[in-house]
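Biologist: I'd love to get a feel for this protein by asking about it one bit at a time. Could you put it up and walk me through it?

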Amino acid sequence: MPTASLRAAAPAEERLPDRKPHVCFVAPYAWPVLSADPSLKVVGGAEVQQCILARLLAAHGYRVSMVSFDFGQPARVVHEGIEVIKAFAERDGIPVLRFLHPRLTGMWRALREADADIYYQRSAAVWTEVVAQFCRRHGRRSIYAGASDRDFQPSREQIRFARDRWLFRRGLAHVDRVVVQNRFQLAACRRNHGRDAVLVPSCYLLPEGARRASPANETVLWVGSLHPHKRPGWLLDIAERLPHRRFVLVGGPSLGGEVVQPGLYEAVRRRAEALPNVEFTGFLPLAEVERRFDSARVLVSTSLSEGMPNVFLQAWARGVPTLATIDVGAPANTVFDDVDEGAERIERLLVDEALWRRASADSLEFFRRNHSAEEVLARYARLFAELAP
């Protein structure tokens, strides 16, 4: 199957601004994704999306930098045309005091070193307010991009401490622009925070060698961090109801953000390994996760809420239908409400090849119409030109 390259994703030149600003991605956990270092077991949806955008912008003439935590990389390093500036190691410093140093001091220093025109931060965190205040004081422009529907629902943000939730909400009020993934986030941002936002769908580029889905594929795939919010136990419940089907569960422990249920990862691992029709992989580097999509027949999501999961885009770009407990406003996605309904819908999709082929074609068409790199790049180009003319 032919795959799209970064350069091939360019919209017509007249759609891009003449003078392209320097964009800095404030992405603390992004270095493991950008570097593809298999020893660093961190892969998050927000980080994947930021790395996709950073590569796209760099490939189309933008100066791009990125601020990341210290994962052992050099203080400043250029990777795939993106200059990465190291802020601090997440565990550095004395508890409580480290909020000020090295965290705030280290992040402020890294933002200053980046010296960008526009600072782009994604996913609810204290850094939203830090970036907003830095840009206000230094005459730069700031963007906050939502990573989940919960980002715009007060008291439901995936943030552990009340102090940080307060700072994040202040940041939402202070950034120059808010970007959302879907119409639910657009309405929630206006309703709960009194701000109009810019709708820019997430995008995705198939890696080299990616394959189109086939009805000969047998795998029912689940991919995500093992977090209570994502309910991996539902996937195992479905697998128990369909012992004649093959399931693959990909995911490592959830990192950062909020309190995670102690022992969840080990409980899921033990239960999965006791089911003969389930393969539990644990954490996999992104490149290996991509290969799992190449052999999938169906992708299942059991989350309580999302924005637009990257795993949906990875599936749809290959023609892999999705079944989920969330409605992302996409006809390519089939919604189910409980375990029994999920098992029934999966079985129907696997038994009825004509139904599967229609769902596969719908998935490909929806992806091409709504999540192509061309359209997303053009929307960001217009936003950047507006912010930094």
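Modeller: Sure, and keep in mind that this is a predicted model. Let's begin with Ala213, which sits in the loop between E8 and E9.

Biologist: Okay, is Ala213 buried or exposed?

Modeller: Buried means under 20% relative accessible area. Ala213 has a relative accessible area of 9%, so Ala213 is buried.

Biologist: Which residues does Ala213 touch, leaving aside its neighbours within four places in sequence?

Modeller: Remember that Ala213 belongs to the loop between E8 and E9. With neighbours within four places in sequence set aside, its contacts are Ala296, Arg318, Gly319, Val320 and Trp356.

Biologist: And how far apart in space are Ala213 and Tyr144?

Modeller: Along the chain, 69 residues separate Ala213 and Tyr144. In space, going C-alpha to C-alpha, the distance is 35 Å.

Biologist: Trp356 came up there. Which helix partner does H12 cross, and how are the two oriented?

Modeller: Helix H12 covers residues 353-370, and its axis comes within 5 Å of the axis of helix H11, residues 339-351. The two axes cross at roughly 100 degrees. Angles of 65 to 115 degrees count as roughly perpendicular. The partner is therefore H11, and the orientation is roughly perpendicular.

Biologist: Which residues of H12 make that contact with H11?

Modeller: On the H11 side you'll find Arg348, Leu349 and Val351. By class, the contact of H11 with H12 has five nonpolar, no polar and two charged residues. The H12 side is made by Glu353, Leu355, Trp356 and Ala359.

Biologist: Let's try another pair. Are H3 and H4 perpendicular or oblique to each other?

Modeller: Helix H3 is residues 100-114 and helix H4 is residues 127-138, with axes 11 Å apart. They pack at an angle of about 50 degrees, and H3 passes H4 in a right-handed crossing. That angle makes H3 and H4 oblique.

Biologist: Who makes the contact on the H4 side?

Modeller: H3 brings Arg103, Leu104, Met107, Trp108, Leu111 and Arg112. Sorted by class, this contact of H3 with H4 has eight nonpolar, two polar and three charged residues. From H4 come Trp127, Val130, Val131, Gln133, Phe134, Arg137 and His138.

Biologist: Glu129 isn't in that list, but what does its side chain make a polar contact with?

Modeller: Glu129 is in helix H4 and counts as buried because its relative accessible area is 6%. Leaving aside neighbours within four places in sequence, Glu129 is in contact with Leu167, Arg170, Gly171 and His174. The polar contact is 3.0 Å, and its partner is the side chain of His174.

Biologist: Back to H3: which two residues does a cis peptide bond join?

Modeller: Most peptide bonds are trans, so a cis one is worth a look. Here omega is about 15 degrees, and Pro102, one of the two residues, lies in helix H3. The cis bond joins His101 and Pro102.

Biologist: What about Asp115: is it buried or partly exposed?

Modeller: Asp115 is in the loop between H3 and strand E5, and its phi is near 50 degrees, a positive value in a residue other than glycine. Most residues other than glycine have a negative phi. At 44% relative accessibility, Asp115 counts as partly exposed.

Biologist: And Arg231, buried or exposed?

Modeller: Arg231 also has a positive phi, near 50 degrees, and it lies in the loop between strand E9 and helix H7. Its relative accessibility is 19%, so Arg231 counts as buried.

Biologist: Which residue caps the N-terminal end of H6?

Modeller: Helix H6 spans residues 183-193, with Gln185, Leu186, Ala188 and Cys189 as its buried residues. Those buried residues pack against strand E7 and strand E8, and H6 is followed by Gly194, whose phi is near 65 degrees. At the N-terminal end, a side-chain oxygen lies 3.2 Å from the backbone nitrogen of Phe184, and the capping residue is Asn182.

Biologist: Last one: what does Ser305 touch, not counting residues up to four places away in sequence?

Modeller: Ser305 sits in the loop between strand E12 and helix H10. Ser305 is buried, with a relative accessible area of 8%. With residues up to four places away left out, Ser305 touches Arg150, Arg156, His229 and Ile326.

Key:
Residues numbered from 1 in each chain as written. Predicted model: local features only at pLDDT ≥ 70, side-chain atom pairs only at ≥ 80, totals over all residues. Heavy atoms only, no water. Axes fitted to C-alpha atoms, helices over the stretch in contact; angles between N-to-C directions. Helix = DSSP H or I, 4+ residues; strand = E, 2+ residues; numbered from the N terminus. Parallel < 35°, antiparallel > 145°, perpendicular 65-115°, else oblique. Left-handed = near helix turned anticlockwise from the far one by under 90°. Contact = heavy atoms within 4.5 Å. Nonpolar A, V, L, I, M, F, W, Y, C, P; charged D, E, K, R; others polar. Buried < 20%, exposed > 50% of the residue type's maximum accessible area, 1.4 Å probe, protein only. Polar contact = N/O pair within 3.5 Å; in protein donor to acceptor, adjacent residues only side chain to side chain.
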